[in-house]
Every structure is written in structure tokens, then in C-alpha cells.
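User: Pick a single part of this model and take me through it closely. I'd like its setting, its packing and its links to the rest in one connected account.

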Amino acid sequence: MRANEGGTDAIELACKSLNISFDEKLARIMSFEWQTAAQIQRLSGGGTLEVVKALDRLWDAGRIDREAQALSIGVRRKGGGAQFHRIRYRRKPTVP
């Protein structure tokens with residue numbers, strides 16, 4: 001059994017019984033720490049495209065934070081190297 005598998009199954013069962021949307025499921029699974037879309041996808045068990053679209057909808061709705069960084073990879077002389085974009089998400093902190 002992989003780590004978090006039992007917790008994910010319990011969340012998935014609760015979401016199905018309450019008829020909760022996939023977006024809401026992702027919002028509940030996410031933590032307050034920065035996570036990549038791949039990490040969130042592994043926790044949710046959904047398809048990659050489905051997860052990315054849901055994350056964009058949650059960010060557009062203001063329910064989660066998104067951080068994007070452009071990183072240079074490789075040697076940049078003579079046009080070499082490449083740009084890598086790292087995008088991370090987290091649940092918005094609740095204000096008491």
C-alpha cells in the first residue's frame with residue numbers, strides 16, 4: 001500500500017456519497033504547503049488534464065494560491081539551454 005492511499009480512498013468515498021464535485025474534492029485534498037500539480041494528481045487519483053483544469057478553475061475562483069517561477073536550465077551561450085516553468089499550488093490560508 002502506498003503512502004496516503006488509505007486517506008485518499010476515504011476522501012473519495014466521502015465525496016461520492018455526498019455528490020461533491022471534483023473541484024471541491026481537490027480543494028479538500030490540498031494542504032497549506034506548496035504542491036505541484038503532479039503531487040496533487042497523485043493524491044486525487046484523477047487524470048492529469050482533469051486535475052490541471054480543476055486547479056485552474058479553483059485559482060480563477062480565488063479558492064487557492066498559485067506561484068509560477070521560470071527557471072533557466074542548461075548553458076545559455078549560443079542559444080543553448082531552455083526555460084522550465086514550475087507552477088505550484090496551495091490552499092488559501094483561512095483568516096480567523
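Analyst: For helix packing, axes are lines fitted to C-alpha atoms, over the stretch in contact, and angles run from 0 to 180 degrees between N-to-C directions. This is a predicted model, so local features need pLDDT of at least 70 and side-chain atom pairs 80 or more, while totals for chains, interfaces and linings use all residues. Numbering starts from 1 along each chain, and side-chain values use heavy atoms, without hydrogens or water.

My pick is helix α2, residues 22-29. Some background first: the protein chain has 4 helices and 3 strands (DSSP runs numbered from the N terminus, H or I of at least four residues, E of at least two). Reading from the N terminus, the order is α-α-β-α-α-β-β. Of its 96 residues, 22% are buried (under 20% relative accessible area with a 1.4 Å probe, protein chains only; exposed is over 50%, partly exposed in between). Looking at contacts (heavy atoms within 4.5 Å) with a separation of 6 or more, 53% join residues 24 or more positions apart.

Now for the helix itself. In α2, 6 of the 8 residues are buried, so the rest of the structure largely encloses it. The buried set is made up of Phe22, Asp23, Lys25, Leu26, Ala27 and Ile29, so a look at the neighbouring helices is the next step.

Take α3 (residues 37-44) to begin with: its axis lies 10 Å from that of α2, and the packing angle is about 105°. That puts α2 roughly perpendicular to α3 (65 to 115 degrees; under 35 is roughly parallel, over 145 roughly antiparallel, the rest oblique). On the α2 side, Phe22, Lys25, Leu26 and Ile29 take part, and they meet Ile40, Leu43 and Ser44 of α3.

Then there's α4 (residues 48-60). Here the axes come within 9 Å and cross at roughly 80°, which makes α2 roughly perpendicular to α4. From α2, the contact draws on Phe22, Asp23, Leu26 and Ala27; from α4, it draws on Glu50, Val51, Ala54, Leu55, Arg57 and Leu58. Phe22 and Leu26 thus turn up in the contact with α3 and again in the one with α4.

Asp23 deserves a closer look. At a relative accessible area of 17%, Asp23 counts as buried. Its side chain makes a polar contact with the side chain of Arg57 at 2.7 Å (N or O atoms within 3.5 Å, one able to donate a hydrogen and the other to accept it; residues adjacent in sequence count only if both atoms are side-chain atoms). Leaving aside residues up to four places away in sequence, Asp23 touches Ala54, Arg57 and Leu58.

Ala54 also gives us a handle on the stretch leading into the helix. Ser21 sits in the loop between α1 (5-18) and α2 and, at 42% relative accessibility, is partly exposed. Ser21 and Ala54 are 33 residues apart in sequence, with their C-alpha atoms 9.9 Å apart in space.

Last stop is Arg63, in the loop between α4 and β2 (64-73). Arg63 is partly exposed, at 36% relative accessibility. Its C-alpha lies 7.7 Å from that of Ala27, 36 residues away along the chain. Not counting residues up to four places away in sequence, Arg63 touches Glu24, Ala27, Leu58 and Lys92. With Glu24 there's a side-chain to side-chain polar contact at 3.0 Å. So α2 has polar links through Asp23 to Arg57 and through Glu24 to Arg63.
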